[in-house]
Amino acid sequence: MQLTLPVTLPTDETFDSFVDEGNQEVVALLKGIPSAMPAWQDAPSLASLSALHLPLVTLLGGQGLGKSHLLYALCHQLAQQNVNHLYLNLNHHAQWSFDIFDGLENLSVICLDNIHAIAGHARWEEALFDLFNRVIENPHALIVGSSQHGPSHPAFQLPDLSSRLAWGVIYHLTALNDESRKEVVRLRANQRGLRLSEQALQFLLHHSDRDLRSLLNLLARLDTRSLQEQKKLSVAMVKRELGLN
């Protein structure tokens, strides 16, 4: 069961494009997973995980902190090293049947994005709880997930699921400061081949929404406008895109 990454996940959201300021520990841990497979329990860099009853890593935090980015990056690296894995964004659980988790314990890495999305949905909580139990029985698999809610959050209705979520290791992602956000935007602009002046970058950062998702969505729109107008990204272009003229 192998994920076809270029079709499914953003190809530009890799470890190389992730600014890890404040989150170096979890990034180092995730980077070490693909090369440690399949005998990850014996890897010194993953000793903290092999000691867990349930090998679960949860990236915790609100929107725009890079949780999905890190899961995408992990999946890209797993694919490059031919490690069998699957990425599921639980925001889309309403489109699936409850047996989608069946057999996942046979994979090396299971990536579950937005676990909080199934909180309060009894059958989905039970299905995820059952998957966790199968992974406990088959410790070959490793689970990496993300959530906006911690295991004690009242949105989770099944006490047994909450207890399982607490068995893993939880990393609270840290928000980037202004300099780090600037580095992210500059890095993504370079990836897109955008010529972004320092003046335009400063204006963009000070006149748009501050969360990274909004900034990167704006950058994508500016990329399209730059191509259409055949001009480099300027303050005037940023103003037009933001409707500030």
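This report walks through charged pairs and ring pairs in the structure above.

First, some ground rules. The model is predicted, so local features need pLDDT of at least 70 and side-chain atom pairs count only at pLDDT 80 or more, while totals for chains, interfaces and linings use all residues. Residues are numbered from 1 along each chain as its sequence is written, and side-chain values use heavy atoms, with hydrogens and water left out.

**Charged pairs**

Side chains of opposite charge can pair when their charged atoms come close. Here a salt bridge is a side-chain nitrogen of Lys or Arg within 4 Å of a carboxyl oxygen of Asp or Glu. There are 11 of them in the structure, including these:

| Acidic residue | Basic residue | Closest N and O atoms |
|---|---|---|
| Glutamate 241 | Arginine 221 | 2.8 Å |
| Glutamate 241 | Arginine 225 | 2.8 Å |
| Glutamate 229 | Arginine 240 | 2.6 Å |

Put together, Arg221, Arg225, Glu229, Arg240 and Glu241 make up a network of salt bridges.

Where do these residues sit? Helices (H or I, at least four residues) and strands (E, at least two) are DSSP runs, numbered from the N terminus. Glutamate 241 forms a salt bridge with arginine 221. That pair links helix H10 (residues 235-242), home of glutamate 241, to helix H9 (residues 212-229), home of arginine 221, and the two residues are 20 residues apart. Glutamate 241 also forms a salt bridge with arginine 225. Because arginine 225 lies in helix H9 and glutamate 241 in helix H10, this pair ties together parts that are 16 residues apart in sequence. Then there's glutamate 229, which forms a salt bridge with arginine 240. Here glutamate 229 is in helix H9 and arginine 240 in helix H10, 11 residues apart.

How open are these side chains? Buried means under 20% relative accessible area, exposed over 50%, and partly exposed in between (1.4 Å probe, protein chains only). Glutamate 241 counts as buried at 19%. Arginine 221 is partly exposed at 39%, glutamate 229 is partly exposed at 26%, and arginine 240 is partly exposed at 31%.

**Ring pairs**

Rings of Phe, Tyr and Trp (its six-membered ring) pair if their centres lie within 6.5 Å; planes under 30 degrees apart count as stacked, over 60 as edge-to-face and the rest as tilted. The structure holds 4 aromatic pairs. One of them joins tryptophan 96 and tryptophan 124 edge-to-face, at 6.4 Å centre to centre with 70° between the planes. Tryptophan 96 is in the loop between strand E2 (85-89) and strand E3 (109-113), while tryptophan 124 is in helix H5 (residues 122-137), 28 residues apart. Tryptophan 96 is partly exposed at 23%, whereas tryptophan 124 is buried at 6%. Ring pairs link Trp96, Phe98, Phe101 and Trp124 into a cluster.
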